[in-house]
Amino acid sequence: MNATHNENGLTASAFLATSVDGFIARDDGGLDWLVGRGETLGDTGYDDFFASVGALVMGRGTHDVVKEFEEYPYAGKRLLILSTTLESTEWPDATVHRSLDDVLETLAREGITKIYVDGGKTVSTFLRAGLLDEITISVAPVLIGSGIPLFGPLEGDVALELTATRELGAGFTQATYRVVRSGA
């Protein structure tokens with residue numbers, strides 16, 4: 001991944017999967033449309049990406065989906081949950097934060113400079129704040145018709161530069177984009 005630091009000295013990247021129609025989950029958070037297809041996918045680059053970050057920032061919605069997984073997928077990784085409603089979490093090395101400023105202050109205090117941003121609302125929050133540097137999107141070969149969109153409303157266009165594409169197999173494609181900052 002070739003993301004560059006934003007003005008805060010932080011490199012924030014998203015690594016997500018969507019349906020062809022742009023949804024990251026069903027309305028109820030379900031991922032059945034992705035999990036079944038992804039079993040034969042092979043290497044998506046996720047493991048290397050995940051190993052390269054110092055922490056993961058996710059929102060309440062992603063937390064609620066992940067807490068239903070049989071196995072906790074973030075062992076050994078610092079996790080910050082951005083939520084105004086979640087009181088606490090029992091996950092190891094995880095804390096709940098009420099605001100983006102609190103997340104950023106915690107990351108700076110802990111010396112974490114490379115993060116993984118996960119979940120549609122959280123990715124949009126980082127985009128709106130000008131803090132997202134790179135987005136990798138794997139597209140599953142399915143239309144699900146409705147669900148949770150990858151990107152929520154934005155105040156304006158966000159220019160992207162395509163830095164990589166590849167076919168993953170099983171009908172999946174993947175594209176990585178660098179977020180172009182105005183004046184960059």
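Let's start with Lys-67, which forms a salt bridge with Asp-64; their closest N and O atoms sit 3.8 Å apart. That counts because the cut-off for a salt bridge is a nitrogen within 4 Å of a carboxyl oxygen. Keep in mind that you're looking at a predicted model. As for its surroundings, Lys-67 is partly exposed, with 44% relative accessibility. Why would two side chains pair up like this at all? Side chains of opposite charge can do so when their charged atoms come close.

Now stay with Asp-64 and look for another partner. The side chain of Asp-64 also meets that of Arg-60 in a salt bridge, at 3.1 Å from N to O. Where do these two sit along the chain? Both belong to helix H3, which covers residues 60-66, and they are four residues apart, so about one helical turn separates them. Is Asp-64 buried or exposed? The answer lies in between: Asp-64 is partly exposed, its relative accessible area being 25%. Arg-60 counts as partly exposed too, at 28% relative accessibility. Put the pieces together and you get one network: Arg-60, Asp-64 and Lys-67 are joined by salt bridges that share partners.

Next, hop over to another spot in the sequence. Here Arg-26 and Asp-32 bring their side chains together in a salt bridge, with 2.9 Å from N to O. Arg-26 has a relative accessible area of 28%, so it falls between the 20% and 50% cut-offs and counts as partly exposed.

How many salt bridges does the structure hold? There are seven, and among them are the ones you've just visited: Lys-67 with Asp-64, Asp-64 with Arg-60, and Arg-26 with Asp-32.

Technical notes:
Residues numbered from 1 in each chain as written. Predicted model: local features only at pLDDT ≥ 70, side-chain atom pairs only at ≥ 80, totals over all residues. Heavy atoms only, no water. Buried < 20%, exposed > 50% of the residue type's maximum accessible area, 1.4 Å probe, protein only.
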